[in-house]
Amino acid sequence: MEGRVITSEFAGALLETLAQRGIVMGPVTGADGVVRLRPVTSWLQLSAGALPRIPLKKVVFPSGRDIWRWVDGGYSAVDGKDASPAALVGIAPCDLYGLAYLDRVFAEDERYLRRRQELVLVAAVCQPDDSCSCPPRTEFPPCDLFLGTDTVWALSEVGESLLSTLSPFIRETQPALSLEAMVAPHGTPLPESSEDLFRNSAQNPVWQREAQRCFSCGACSAVCPTCYCYDAIDTALPDGSVTRSLAWDNCFFREHGLVAGGYDFRAGRKARLMFRFEHKRLGFGALRGIDSCVGCGRCLRACPVGISVSAIAEELAKGEG
Ligand code: SF4
Ligand code: SF4
């Protein structure tokens with residue numbers, strides 16, 4: 001993939017160009033040291049390549065979004081698209097791979113697709129740490145531009161069009177500059193998981209041991225870029241109107257498996273821990289067999305007792321149990 005060498009003004013000019021489309025957001029480190037996705041107007045505000053505590057699902061699949069209202073005897077759809085940003089910049093590759101997974105999950109959700117189609121994505125070189133365990137990749141992350149220190153790569157038609165607009169800030173084309181190096185894996189990738197390995201692991205002591213430590217706080221799932229459980233909540237008002245909204249749910253919460261009659265089909269923390277692991281490594285439904293863990297390490301950083309998907313995967317790979 002051909003890279004283009006940029007001038008020092010390129011990043012600022014890119015931000016100005018994107019701002020003409022609407023709100024531009026990116027990872028910003030707050031005074032409390034926490035990285036969050038925030039609106040940005042200058043490249044200096046950005047912590048490019050850092051992982052925001054709550055990943056891109058905050059933007060493409062926000063919690064609490066209203067989807068329809070029943071008013072005066074009729075339904076009307078609610079989009080709530082106005083607050084969504086036009087562009088995300090400085091995004092680490094693993095968050096974009098996570099977004100690619102959500103794209104498959106919500107492939108038939110019109111609201112999701114509208115948000116996605118209008119969203120311009122600019123990737124940056126990541127800032128890895130000891131919690132990372134990204135798998136090797138055969139494809140570039142889904143984005144429009146990948147911005148390195150002094151090089152930019154276009155990965156879509158939108159990206160090419162942006163580079164045409166910004167041509168005064170491009171010095172030369174550099175076929176030798178490799179994008180592959182920018183998305184090289186960090187940390188030790190998780191060992192492969194399989195249906196058999198997982199199904200035969202119920203007696204493996206790792207589940208009981210880790211479940212005894214787990215608080216069921218749900219932090220790991222809340223911060224995971226590929227966790228997307230949600231609940232539908234209907235709010236009825238005295239005037240007869242009803243609004244349905246979708247709010248993030250969490251498979252670690254006891255109510256998640258509770259159904260009518262009081263039966264809990266996922267009672268106990270061991271069952272919930274196994275469920276989340278199964279979802280991450282093996283997938284469900286049409287996406288069965290696809291590993292959705294992008295190795296971002298957020299769950300480990302967020303977990304108050306340091307429960308690690310990698311450590312569980314390694315123990316299962318040893319085949320004890
Ligand atoms: S399971 Fe953990 S490491 Fe894997 S994608 Fe989710 S938060 Fe990241
Ligand atoms: S963050 Fe840790 S303690 Fe909390 S639910 Fe997840 S594994 Fe359990």
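**Entry: S216 and its loop**

I began with S216, which at 15% relative accessibility counts as buried, because the cut-off for that label is under 20%. I am working from a predicted model throughout. I placed S216 in the loop that runs between α7 (205-213) and α8 (219-223), and I read its phi as near 55°, a positive value in a residue other than glycine. I noted beside this that most residues other than glycine have a negative phi.

**Entry: the two ligand shells**

S216 led me to ligand 2, since I found it listed among the surrounding residues together with C214, F215, C217, G218, A219, C220, F252, C303, P304 and I307. Sorting that shell by class, I got nine nonpolar residues, two polar ones and no charged ones.

For ligand 1, I listed C224, P225, R276, K280, C293, V294, G295, C296, G297, R298, C299 and V309 as the residues around it. Here the classes came out as seven nonpolar, two polar and three charged, and I saw that α9 (269-282) and α10 (298-302) each supply at least two residues of the shell.

**Entry: D72, a second positive phi**

I then turned to D72, which is not a glycine and yet has a positive phi of about 50°. I located D72 in the loop between β4 (65-71) and β5 (74-77), and at 81% relative accessibility it counts as exposed, because that label applies over 50%.

**Entry: the hairpin of β11 and β12**

I looked up how strand β11 (residues 230-236) meets strand β12 (residues 242-248), and found that they pair in the antiparallel sense over seven bridges. Following one of these from the start of the numbering, I found that the bridge partner of Y230 in β12 is W248. The hairpin has five residues between the strands, and in it G240 takes a positive phi near 95°.

**Entry: domains**

I took the division of the chain from the domain assignment of the protein, which gives domain 1 (3-63 + 73-183) and domain 2 (195-318). Their C-alpha centres lie 27 Å apart, and the contact between them takes 26 residues from domain 1 and 26 residues from domain 2.

**Entry: the nonpolar cores**

Which members of the largest nonpolar core touch the most other members? Of its 30 residues, I found these to be L56, V60, L88, L96 and L121. I next asked which elements contribute, and noted that α2 (57-60), β6 (87-91), α3 (93-105) and β7 (120-124) each supply at least two residues, with α3 giving the most, namely six. I also recorded that this core draws at least three residues from each of domain 1 and domain 2.

For L121, setting aside residues up to four places away in sequence, I listed contacts with L88, L96, L99, R116, P142, C143, D144 and L145. I kept a separate note of a second core of 23 residues, which includes A13, V40, V120 and L147.

**Entry: V59**

I finished with V59, whose place is in helix α2. At 7% relative accessibility V59 counts as buried, and, again leaving out residues up to four places away in sequence, it touches M25, L37, P85, L88 and R115. How far is V59 from P304 in space? I read the C-alpha to C-alpha separation as 26 Å, with their places 245 residues apart in sequence; P304 is one of the residues that surround ligand 2.

Methods:
Residues numbered from 1 in each chain as written. Chains lettered and ligands numbered in written order. Predicted model: local features only at pLDDT ≥ 70, side-chain atom pairs only at ≥ 80, totals over all residues. Heavy atoms only, no water. Core = buried A, V, L, I, M, F, W, Y, C linked by side-chain atoms within 4.5 Å. Buried < 20%, exposed > 50% of the residue type's maximum accessible area, 1.4 Å probe, protein only. Helix = DSSP H or I, 4+ residues; strand = E, 2+ residues; numbered from the N terminus. Domains from an automatic or database assignment. Contact = heavy atoms within 4.5 Å. Near = heavy atom within 4 Å. Nonpolar A, V, L, I, M, F, W, Y, C, P; charged D, E, K, R; others polar. Pairing = 2+ DSSP bridges.
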